[in-house]
Each structure stands twice: as C-alpha cells, then as structure tokens.
Amino acid sequence: MAELVDPRIETFAIPGARVVHGKVFPLGLRVKEGQSFADIDEAVSHIEALADQGTLDSLLTDHSTILFRGFPLANASDFSRFVQAFKLPNQHQEVGLSGIRTTVNGFVKTANEEPSDVKFYYHSEYGRSAHFPGLLFFFSEVVPESGGQTPLLSSLELYDELKRQLPEFIQALADKGVIGRQYFPSKDDPEAAHIGWNWHDSYGFDIVPGDSLEEQHRKVEAVLRDRLQAEGEWQDRNGALYVLQRLPALRRVQSTGKPSFFNGLMGVYGRARDNNALEPPYKGLDQKYHLPTTYGDGSPIPYETLDKVLEIADSIGFLVPWQVGDVAHIDNYTVQHARTPWVGDRSLLVSLWDGREKFVKY
Ligand SMILES: [Fe+2]
C-alpha cells in the first residue's frame with residue numbers, strides 16, 4: 001500500500017470499507033486531529049504538494065477511490081480550486097447527451113438534474129460511449145434530509161464476482177461485446193418535446209433547408225460514424241432514430257492488467273425495469289423509451305441474468321454517507337457509481353477529467 005506520511009493529513013478507516021485485491025476500498029483521507037487549514041488557499045497548496053510528489057496518484061491507483069473529509073470547502077469555487085490542485089493535464093470534454101448538467105464554473109458542473117425520485121443504478125461514467133472520462137470528483141455541497149447518496153462498487157471486484165457466479169455471462173460478453181441503443185424521436189413527433197431531445201437537434205448539424213429525408217438521414221449517419229463511432233437505425237413506424245453503440249463490456253486496465261466490468265449495462269436495465277419498459281416498444285411509465293442493450297450479435301441478454309447482476313452489484317456495493325464538504329476522487333476505470341433518491345435540498349457537484357490510465361483489450 002502506498003504510505004501517506006504527512007504532518008497534517010492522515011488516512012482513516014471508513015467503517016465497513018471493502019478490501020479488494022488486498023487494498024482498502026475506498027480510502028479515507030482527513031485532516032489530523034489538532035490540525036486545521038486556515039482557509040482554502042492553505043488546503044490547496046498542501047494538496048498541490050502531495051500531487052507533485054505523486055502521492056495522490058499512487059493512492060488512487062491502489063484504492064480506486066479517495067474520500068477527502070474535513071477540508072475547508074464550502075462552495076463551487078472552493079471545489080474548483082481543490083480539483084485544480086491535482087494538476088491533471090486534461091479536463092474531459094463531454095460528447096453526446098447523457099443526462100442534464102449545468103456548468104457552474106470552468107471545471108465544475110452539477111452532477112445531474114433529473115428529478116430527485118429517480119434512482120440511478122450502478123454505471124461507469126459514460127460507460128455507454130466510446131468517449132469517457134478517466135477521473136471523477138464529486139463534491140457534497142448540500143446534504144439532503146434523507147437519501148441522495150452515491151453508492152460505489154469496485155468494477156474489479158464486480159468482474160471477479162460475476163466470473164465466479166455467472167461464468168457463461170462473462171464468457172458471452174467477452175466473445176460478443178454489447179450493443180447499446182438510444183432513442184431519438186423525429187423533431188416533428190409530438191413526443192419529442194416530452195423526451196427532451198430529437199435527432200435533428202442532436203445530430204443534424206449539417207442539414208440544410210430543402211434536404212430530402214434521405215439526405216438528412218445520410219448526414220446524420222455521417223455525424224454518428226465520424227464523431228461517435230456509432231451507427232443509426234431508422235424506425236419506419238414513426239421516423240425515430242436508434243443510435244447503436246458497439247462496445248466491449250469488459251476491458252483490462254493497462255497498468256495493472258486487471259479486468260474491469262466497464263459499461264452501462266446495469267444503469268440501462270435497472271431504469272428500464274423500474275419503468276416497466278422491458279417489452280417492445282420499450283416505452284416506460286416515465287413516457288420515455290428505454291431500449292435494451294443486447295449482446296454484440298444482436299441477441300438479447302436474458303433479464304434473469306441482468307436481475308442477478310444487479311443483485312450481485314448490491315451485495316458488493318458500498319456507501320459512505322455524504323457529509324457536507326466531502327470530496328470523493330474516483331477512478332472511473334475501476335469504480336462504478338449510482339445515485340439514491342432523496343428528500344430535501346441537495347447539491348452534488350462534479351468535475352470530470354481525462355485519466356492517465358488506459359484500457360487495453362480484455
Ligand atoms: Fe454518473
């Protein structure tokens with residue numbers, strides 16, 4: 001284990017933390033008793049020094065998540081300064097629609113603005129896309145009356161458990177990969193307003209007045225192919241577009257060689273199940289479409305298998321109840337996160353960065 005020897009900060013055991021491959025997950029870092037930082041400036045320069053030594057990097061590699069507690073962060077601007085202290089080279093540029101986020105300042109966004117009663121199942125951030133961030137920071141600015149938590153699990157431990165309990169599923173994922181699908185209505189479909197997006201606005205950048213429908217389709221397909229490595233499937237019944245993303249569901253972390261369950265499978269399935277949207281046309285109680293992810297050859301992933309995957313995930317999931325001012329620094333390559341519904345006011349802010357890590361073929 002990378003050791004932290006520091007006059008002002010110490011590691012602390014988080015009750016019930018898991019041990020994954022011999023390392024505590026997640027690792028807590030807090031300000032030592034009797035020590036305090038006078039203000040955010042002092043805290044930032046201390047963090048900067050640790051970052052310069054490579055200490056934070058190696059702790060994150062070992063533990064996959066670091067929870068910082070007791071540091072003097074009060075608002076988005078403090079959070080922004082805190083994340084910059086890590087001196088990560090590249091802020092992540094998001095491509096493609098995934099939830100609703102508002103930029104608060106240059107490095108900080110709201111985590112997600114979907115209603116507080118919606119549960120998010122475990123997912124790798126942008127695990128449904130070929131373009132994803134490597135490192136995440138979450139900042140707990142306001143903790144609600146109840147709920148609003150961010151459960152975590154180790155994608156390494158999940159892989160191990162699935163391989164042990166559902167070996168045929170892991171083999172099928174390894175052999176075939178997956179195809180994720182997203183639904184984009186036509187702009188003139190009355191449902192488009194409720195769904196919140198449509199293919200003309202999301203991908204029709206090159207469409208000009210007078211283009212035939214065929215020409216519009218061709219241009220949208222080119223955008224999907226060139227910018228997202230995705231394919232389009234046009235729906236005759238209502239002019240909607242399915243965007244198909246062919247991806248591996250298992251990958252190997254380059255620096256450690258460990259396999260990781262990196263994908264959006266549970267997020268998509270859990271939400272479809274909650275919305276009673278498991279049969280064609282996959283329209284849910286929320287009046288949105290929840291298209292299933294299939295194996296890469298188009299064959300269905302049995303729902304019983306996915307139910308079991310969710311159950312296994314819950315059995316290894318871990319929750320550190322948020323305290324005001326907490327920052328969680330998460331390695332997206334090896335950790336999936338979720339969101340529980342809440343009551344009351346909540347503010348969780350996020351900052352996304354490209355990683356130094358890489359995935360290689362499973
Ligand atoms: Fe997320």
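Which residues line the second largest cavity? The answer is given under the heading on cavities, after a look at the cores; the model described here is a predicted one.

## Nonpolar cores

The largest nonpolar core holds 33 residues. Leu-29, Phe-68, Phe-71 and Phe-79 are the residues with the most contacts inside this core. Two or more residues each come from strand 4 (27-31), helix 1 (40-52), helix 2 (55-63), strand 5 (65-69), helix 3 (76-84), strand 9 (135-142) and strand 21 (347-353). Helix 1 gives the largest share, six residues.

Leu-29 shows what such contacts look like for one residue. Leaving aside residues up to four places away in sequence, Leu-29 touches Leu-4, Ile-9, Glu-10, Thr-11, Phe-12, Leu-56, Leu-59, Ile-66, Leu-67, Phe-68, Arg-69 and Phe-71. A second core, separate from this one, has 29 residues, among them Leu-158, Leu-173, Ile-312 and Ala-313.

## Cavities

Rolling a probe the size of a water molecule over the atoms shows where empty space is left. In this model there are two cavities of 30 Å³ or more. The largest cavity has about 100 Å³ of space. Its lining consists of Gly-127, Arg-128, Val-178, Gly-180, Gln-245, Leu-247, Pro-248, Asn-263, Gly-264, Leu-265, Val-268 and Thr-293. At least two lining residues come from each of strand 12 (178-184), strand 14 (241-247) and helix 9 (265-274). Sorted by class, the lining of the largest cavity has five nonpolar, six polar and one charged residues.

The second largest cavity has about 80 Å³ of space. The opening question can now be answered: the second largest cavity is lined by Pro-26, Thr-65, Leu-67, Thr-150, Leu-152, Val-320, Trp-322, Ala-328 and Ile-330. Strand 5 and strand 18 (327-331) each supply at least two of these lining residues. By class, this lining has seven nonpolar, two polar and no charged residues.

## Gln-149 and its contacts

Gln-149 sits in the loop between strand 10 (146-147) and strand 11 (152-154). Is this residue, Gln-149, buried or exposed? Gln-149 counts as buried because its relative accessible area is 12%, and the cut-off for buried is under 20%.

Not counting residues up to four places away in sequence, Gln-149 touches Leu-319, Val-320, Pro-321, Trp-322, Ala-338, Arg-339, Thr-340 and Arg-346. Val-320 and Trp-322 also appear in the lining of the second largest cavity. A polar atom of the Gln-149 side chain lies 2.9 Å from the backbone nitrogen of Trp-322. Pro-190 is 41 residues from Gln-149 along the chain, and the C-alpha atoms of the two are separated by 35 Å.

## Thr-334 and its contacts

Thr-334 is in the loop between strand 18 and strand 19 (335-339). With a relative accessibility of 5%, Thr-334 counts as buried. The side chains of Thr-334 and Ser-64 are joined by a polar contact of 2.9 Å.

Ser-64 is one of the residues that Thr-334 touches, when residues up to four places away in sequence are not counted. The others are Leu-153, Ser-154, Ser-155, Leu-156, Val-253 and Ser-260.

## Backbone features

Two cis peptide bonds can be described. The bond from Phe-25 to Pro-26 is cis, with omega near -5°. Pro-26 lies in the loop between strand 3 (23-25) and strand 4, and Pro-26 is also among the residues lining the second largest cavity. The bond that joins Pro-280 and Pro-281 is cis as well, with omega about 0°. Pro-281 lies in the loop between helix 9 and strand 17 (294-295).

Tyr-282 also has its place in the loop between helix 9 and strand 17. The phi of Tyr-282 is near 65°, which is a positive value in a residue other than glycine. Tyr-282 is buried, at 18% relative accessible area. Gln-287 is found in the loop between helix 9 and strand 17 too. Gln-287 is not a glycine, yet its phi is positive, about 65°. Gln-287 is partly exposed, with a relative accessible area of 39%.

Conventions:
Residues numbered from 1 in each chain as written. Predicted model: local features only at pLDDT ≥ 70, side-chain atom pairs only at ≥ 80, totals over all residues. Heavy atoms only, no water. Core = buried A, V, L, I, M, F, W, Y, C linked by side-chain atoms within 4.5 Å. Buried < 20%, exposed > 50% of the residue type's maximum accessible area, 1.4 Å probe, protein only. Helix = DSSP H or I, 4+ residues; strand = E, 2+ residues; numbered from the N terminus. Contact = heavy atoms within 4.5 Å. Polar contact = N/O pair within 3.5 Å; in protein donor to acceptor, adjacent residues only side chain to side chain. 1 Å grid on protein atoms, 1.4 Å probe; cavity = no way out; pocket = protein on both sides within 12 Å on 5 of 7 lines; lining within 4 Å. Points joined across faces, edges and corners; volume = space filled by probe spheres on them. Nonpolar A, V, L, I, M, F, W, Y, C, P; charged D, E, K, R; others polar.
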